[in-house]
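Student: I've got this one open on my screen and I'd like to understand the labels people put on it. Can we go through them one at a time?

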Amino acid sequence: QGDDRRLLGHQDPQEVPVRAHRAGRGGLRGQERLRIYPLPRRRRERGSDEESGVLELISFGEKGYGWLLVQGAWVTLQLSFVGFAAALVMGVLIAMATLERRGLRWMAWRIYASIFMGVPSLLVIFLLFFGGAEIVRSLLAPFGIKAKLDMTPFTAGAVGLAIVYSAYMAELVRGAIQNVPKGQFESAAA
């Protein structure tokens, strides 16, 4: 094995005494020696075309992750568009339903808003991804509906963003409608 490591460019190993913390099955017993192989040093010549560090990781070549980063950015844009479009639709519907500050709808809205405006969106996405199918099954069970559901990561992300940001959108739309003076509504109706 030592010859193989030298062929790969490793330097000679250094032996270091190691004191075992736990003497158990398959573990170190007493004081043994551990071989440490230092990593090979890369020699670079001035004017070489080779990139270094972070630039090498984000390159589009054989060693880089450039295409994976581009794919991830594209999925992020798709997820943002779908999630925020759904949040806008849900937010407008919630805002129209809760314009009056009394009744059961208002109380349900305040509970919904206080929960989802105070919880991180990533937590909601994780809850939906790992338990969303079970939550939907338990909501449909009292009606006698048995459904086999599978929550994909994209679906969990889009639904999670829609649930969280619909609370913000609803508050924004409701506040905008309530800030329009009463005279403007009367003149529009005339």
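Tutor: Let's start with residues 1–10, where pLDDT stays under 50. This is a predicted model, and the model has eight contacts beyond four places in sequence for that stretch.

Student: Which other stretch has pLDDT under 50, and how many contacts beyond four places in sequence does the model have there?

Tutor: That's residues 16–25, with 21 such contacts. For the protein chain as a whole, pLDDT averages 78, and 73% of the residues score at least 70.

Student: What is the order of helices and strands along the protein chain?

Tutor: The pattern reads α-β-β-α-α-α-α-α-α. In total there are seven helices and two strands.

Student: Okay, Thr98 next. Why is Thr98 called buried?

Tutor: Buried means under 20% relative accessible area. Thr98 has 4%, so Thr98 counts as buried. Thr98 sits in the loop between α3 (66–97) and α4. Leaving aside neighbours within four places in sequence, Thr98 is in contact with Arg105, Trp106, Trp109 and Arg174.

Student: Leu99 is in the loop between α3 and α4 too. What makes Leu99 partly exposed?

Tutor: Partly exposed covers the range between the 20% limit for buried and the 50% limit for exposed. Leu99 comes in at 29%, so the partly exposed label fits. Not counting residues up to four places away in sequence, Leu99 touches Arg174, Ile177 and Gln178. With Gln178, the C-alpha atoms are separated by 7.7 Å, although the two residues are 79 apart along the chain.

Student: And Glu56, how do you know whether to call it buried or exposed?

Tutor: Put the number against the cut-off again: Glu56 has 17% relative accessibility, which is under 20%, so Glu56 counts as buried. Glu56 is found in helix α2 (residues 54–57). Between Glu56 and Gly66, 10 residues apart along the chain, the C-alpha separation is 9.3 Å.

Student: What about Tyr168, why does Tyr168 get the label it has?

Tutor: At 37%, Tyr168 falls between 20% and 50%, so Tyr168 is partly exposed. Tyr168 belongs to helix α6. Phe116 is 52 residues away along the chain, and the C-alpha atoms of Tyr168 and Phe116 are separated by 8.9 Å.

Student: How do you know that the span of α6 agrees with what 26 residues should give?

Tutor: At 1.5 Å a residue, the 26 residues of α6 should span 38 Å, and the end C-alpha atoms are 37 Å apart, so the two agree. There is still a kink of about 30° in α6, centred on Tyr165.

Student: And how does helix α5 (residues 121–140) do on that kind of check?

Tutor: A straight helix of 20 residues would span 28 Å, but α5 spans only 25 Å between its end C-alpha atoms. There's a kink of about 75° in α5, centred on Gly131.

Student: Which residues of α5 are buried, and what do they pack against?

Tutor: They are Val124, Ile125, Leu128, Gly132 and Ala133. These buried residues pack against α4 and α6.

Student: Now the core. What makes a set of residues a nonpolar core?

Tutor: The members have to be buried, come from a list of nonpolar residue types, and be joined through side-chain atoms within 4.5 Å. The largest one here has seven residues: Ala95, Trp106, Trp109, Ala113, Ala167, Ala170 and Val173. Helices α4 (104–116) and α6 (153–178) each supply at least two residues of this core. A second, separate core has six residues, including Val124, Leu128, Ala156 and Val164.

Student: What does Ala95 contact, leaving aside its neighbours within four places in sequence?

Tutor: Ala95 is in contact with Ala170, Val173 and Arg174.

Student: And how much of the protein chain is buried overall?

Tutor: Buried residues make up 17% of the 190 residues. The accessible surface comes to about 15,200 Å², and 62% of that surface belongs to carbon and sulfur atoms.

Student: Last one: among contacts between residues at least 6 apart in sequence, what share joins residues at least 24 apart?

Tutor: In this protein chain, 54% of those contacts do.

Technical notes:
Residues numbered from 1 in each chain as written. Predicted model: local features only at pLDDT ≥ 70, side-chain atom pairs only at ≥ 80, totals over all residues. Heavy atoms only, no water. Buried < 20%, exposed > 50% of the residue type's maximum accessible area, 1.4 Å probe, protein only. Helix = DSSP H or I, 4+ residues; strand = E, 2+ residues; numbered from the N terminus. Contact = heavy atoms within 4.5 Å. pLDDT = per-residue confidence, 0-100. Areas by Shrake-Rupley, 256 points an atom, 1.4 Å probe, with all protein chains shown as cover. Expected span 1.5 Å × (residues − 1). Bend = angle between axes of the 7 residues up to and from the residue.
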